[in-house]
Amino acid sequence: GSTASLGEQVKHEIIGIDPGAGIMKATAAAIEEYGLTDWKLIEGSGAAMTATLNKAIKNEDPIIITGWTPHWMFAKYDLKYLEDPKKVFGEAEEIHTIARLGLKEDHPEAYKFLSNFKWTSDDMGQIMTAIQEGQDPEAAAKEWADSNTEKVDAWLEGVQPVEGKTFKFSYVAWDSEIASTNLLKVIMEDKLGYKVEALQVEAGPMWTGVANGDVDATVAAWLPLTHADYWDKFKDKVEDLGANMEGVKTGLVVPSYVEANSIEDLK
Ligand code: PBE
């Protein structure tokens, strides 16, 4: 085998995503807390990260990325999370639906629907995989809604359709959030009669938009840890409608052929 350490082989680089993502802050904290002094976190995007991962796996090169679940990459590749004994990436993480103040009064129907909305990582994974395989996000979401009418109908229970109302979501172009936001868009348009705008922005503006009322809601708030900074800053200016998904996770991820098993092994 090679005598170069894993760190040397990957040039002490961790392949990150957009700088506003909570996972970037958590990774910076991990570099600090595990004493990974020569390591660098590389900024990019979700799409650039998965492209780099794909290339590394094709060559069986070592690589370390910032990863999260749900994500299609775990279905497509053989990957593992590096253990995080210091719990820098948190524990019981959830995705929350966050609404602007006054949503209940202004859009009681959407408020009720969004309060009911709760699904699983398997559900989301079906839409993510369809999109990754080349389907248009709205079409993939529509197809999922059409083949999961029991779940969709439960979210719509007691919710009356509207006329001539518009609704705005903010989200970031993370694969998980592309899936969830497109699903809610198609259901609110097809079943409730809303005209829905899904604003794709960076993580900061995603939260700021809801806090200042420019945006009605986001279904992309990862709590309690990943978006803790945003939550602390905006908690008095938004309403938390609760978890729309439980059991989600973030961390450092490697192909299973990489020999490290724990973040501690990177030292
Ligand atoms: N993520 C996906 C986001 C939340 C959703 C884990 C990349 C983040 O780190 O903020």
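**Domain arrangement, ligand shell and local packing**

V219 is buried, with 22 other C-beta atoms within 10 Å; the structure in which this residue is described is a predicted model. The position of V219 is in strand 8, and its contacts, leaving aside residues up to four places away in sequence, are with T97, F169, S180, T181, L184 and N244. Because a residue counts as buried when 20 or more other C-beta atoms lie within 10 Å of its own, the 22 such atoms found around V219 place this residue in the buried class. From V219 to A145, which is 74 residues away in sequence, the C-alpha to C-alpha distance is 17 Å.

Strand 8 (217-223) is also among the elements against which the buried residues of helix 11 pack, the others being strand 5 (93-100), strand 6 (166-171), strand 7 (195-200), helix 12 (228-234) and strand 9 (238-255). In helix 11, which spans residues 203-211, the buried residues are A203, M206, W207, G209 and V210. Viewed down the helix axis, these buried residues fall within an arc of 160°, and they therefore line one face of helix 11. After helix 11 comes G213, which has a positive phi, near 85°.

At the level of the whole chain, the division is into domain 1 (6-90 + 250-266) and domain 2 (93-248), and the centres of the two domains, taken over C-alpha atoms, are separated by 27 Å. To the contact between them, domain 1 gives 16 residues and domain 2 gives 21 residues. On the side of domain 1 that touches domain 2, helix 2 (22-33) and strand 3 (65-69) each supply at least two residues, and the largest share, four residues, is that of helix 2. By residue class, this side of domain 1 comprises seven nonpolar, seven polar and two charged residues.

A ligand is surrounded by I17, A21, G22, I23, W68, W174, S176, E177, A203, W222, T226 and T250. Helix 2 and helix 10 (175-190) are the elements that give two or more residues to this shell. In composition, the shell around the ligand consists of seven nonpolar residues, four polar residues and one charged residue, and at least three of its residues are drawn from each of domain 1 and domain 2. A203 thus appears both in the ligand shell and among the buried residues of helix 11.

A contrasting environment is that of E43, which lies in the loop between strand 2 (40-42) and helix 3 (46-58). E43 is partly exposed, with 15 other C-beta atoms within 10 Å, and, when residues up to four places away in sequence are not counted, E43 touches G16 and P19. Between the C-alpha atoms of E43 and A99, which are 56 residues apart along the chain, the separation is 29 Å.

With respect to annotation, an unreviewed UniProt entry places the feature "domain: ABC-type glycine betaine transport system substrate-binding" at residues 5-145 and 166-267. Over residues 5-145, the chain is 48% helix and 16% strand, with end C-alpha atoms that are 48 Å apart. For residues 166-267, the corresponding content is 31% helix and 36% strand, and the end C-alpha atoms of this span lie 52 Å apart.

Terms used
Residues numbered from 1 in each chain as written. Predicted model: local features only at pLDDT ≥ 70, side-chain atom pairs only at ≥ 80, totals over all residues. Domains from an automatic or database assignment. Contact = placed C-beta atoms within 7 Å. Nonpolar A, V, L, I, M, F, W, Y, C, P; charged D, E, K, R; others polar. Buried ≥ 20, exposed ≤ 12 C-beta atoms within 10 Å, placed from the backbone. Arc of directions from axis to C-beta. Near = placed C-beta within 6 Å. UniProt positions renumbered as here; feature names shortened; annotations may be inferred.
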